[in-house]
Amino acid sequence: MSFRIASSPHNHSQQQTHVLMRKVVLACIPGIAAQCYFFGFGVLLQLLLAISTALASEALILYWRGKPVLVRLKDNSALLTAVLLAVAIPPFAPWWIIVLGTAFAIIVVKQLYGGLGHNLFNPAMAAYVLLLVSFPQQMTSWLPPQSLQAQQQHVLDPVCTVFTNFSCAGYSMTQLKTDADGMTMATPLDTLKTDLAAGRTVTESQQHKIFAAIGGIGWNWVNLAFLAGGLWLLQQKIIQWRIPAALLGSLALCSLLAYLIDADRNGSPLFHLFSGGTMLAAFFIATDPVSASTTERGRLIYGALIGLLIFLIRRFGGYPDAVAFAVMLANLAVPLIDYYTRPRTYGHRPNSHKHKGVH
C-alpha cells in the first residue's frame, strides 16, 4: 500500500471534488434565474458560450500536456469557472468577450500553473480583470432592468445582440441601455460613483429610478438570490462560514463607519451588501478552496481583507464594483496569511530549548 498526498483543494467531506463543484454550480441557479428575470436571457447564452469554451480549452491543454482528458473534465472545475465568469459579465456582451475570458481563465490561469490545485489566482476573477482592463466599454454594458427599458426585449434579442451588436429590431447597445425617459442607464454602483464625482450627494444620486430601497432595482434581488444559494452551500457543508462572514462583516463595518462620518458621500451598509457582486463574491468566489487561505484564523483575515478592499476600491478607486480586484489582491496575500496563522504543532513548546532541565 502507498500513501499519496494530493494537492489542494482539500476538504473534510466524504464527497468527491466533482460532487462539490457540481453543488456549487447548482447553488448559482437562483442567482442566474434572478439575472434572467431582471436583465434578460442573455446570461443563458453567455453560460452556453463559456461552458463550451471552458471544456474545449481544458480538453485541448490536457491533451497537449499528456494528461487524462475525460477524467480531468469530469471534476467539474472548468464548468464552475465558466459559470462564475458568465454570471459576472453583462448578458449582452459580445460573444468574443466570454470566449476570450474563459479561454484565458482555463489555459493561462489554471492549466499553465499546473491545473486544479496549483493556481495562485481565482481563474474566473483573473479573467474578469483582464477583460475589464482591456475592454472596459464592453464590460460595462449592463442593460437597465427590464421594467425600465425603453425597448422591450424580443426572445431572440440576446442572440442577435451578442453576435452582431444589434438587436433583432436593429437597436444598438447604446439604444438598448437607454431607459423610457431617454436616459442612458448604468449600474447603481457606477451611477453613485459618477454622481459623487460630479459633486452630488448620495441622497441626490439615489433619486435615480434605478435605485430601490436597498441596492438597485434588480441588483438587490440578484444578491438575495446568490445569498440564498450561499446559505444552502453552508447548510450542505460545501463551504465554511468564516470567509463569507468575515467578508460581509468587514464590508458592513467599513461602510457603516463611513456612512456615520459622512452620509452625503457614502452609501449605506445595506447598499454595499446588496449591490454589484457582493454576495457572489462572499459565497462563491472568495471561498474557492484553491486560492483562499487554508487556516481557520487565516480565512477570517482573508475574508476581512477582501471586504476592506471592496469598500476602499468602491469608495476611492476607479472601478465601481471592485470585487475581482479585491479577490486577486487577497489571493496574493494568502501565502503570508497562511504562514503567520498556521496552527502550532501538537506537543510543541515555544522556546523550550532555552529552559535548562526540560527534557
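**View A. G199, just past helix 11.** G199 comes after helix 11 in this predicted model, and its phi is positive, near 95 degrees. If you're scanning backbone torsions, this glycine is the one to look up once helix 11 is done.

**View B. Helix 11 under cover.** Helix 11 spans residues 188-197 and is mostly covered, with seven of its 10 residues buried. Which ones are the buried residues of helix 11? They are P188, L189, T191, L192, K193, D195 and L196, so under 20% relative accessible area applies to K193 and D195 as well as to the leucines in that list. What covers these buried residues includes four other helices: helix 12 (202-205), helix 13, helix 15 (269-273) and helix 17 (296-316).

**View C. Helix 16, wrapped up.** Now for helix 16, residues 278-285. Eight of its eight residues are buried, so the rest of the structure largely encloses this helix. Reading along it, you pass T278, M279, L280, A281, A282, F283, F284 and I285, and each is buried.

**View D. F226 meets F284.** One of the residues of helix 16, F284, has an aromatic partner in F226. The two rings sit edge-to-face, at 5.6 Å centre to centre and with 75 degrees between the planes. How far apart in sequence are F226 and F284? They are 58 residues apart, and the pair links distant parts of the chain: F226 belongs to helix 13 (residues 219-235), F284 to helix 16. F226 has 3% relative accessibility, so it counts as buried; F284 has a relative accessible area of 4%, so it is buried too.

**View E. F39 and W142, another edge-to-face pair.** Searching the whole structure turns up nine aromatic pairs. Among them is F39 with W142, again edge-to-face: 5.9 Å centre to centre, 70 degrees between the planes. F39 is part of helix 2 (residues 29-39), while W142 sits in the loop between helix 8 (136-139) and helix 9 (157-164), so this pair ties together parts 103 residues apart in sequence. Buried or exposed, what is F39? Its relative accessibility is 2%, so F39 counts as buried. W142, with a relative accessible area of 9%, is buried as well.

**View F. Adding W219 to the picture.** Pull W219 into the frame and you have an aromatic cluster: F39, W142 and W219 together form one.

Terms used
Residues numbered from 1 in each chain as written. Predicted model: local features only at pLDDT ≥ 70, side-chain atom pairs only at ≥ 80, totals over all residues. Heavy atoms only, no water. Buried < 20%, exposed > 50% of the residue type's maximum accessible area, 1.4 Å probe, protein only. Helix = DSSP H or I, 4+ residues; strand = E, 2+ residues; numbered from the N terminus. Phe/Tyr/Trp six-rings, centres within 6.5 Å; stacked < 30°, edge-to-face > 60°. Contact = heavy atoms within 4.5 Å.
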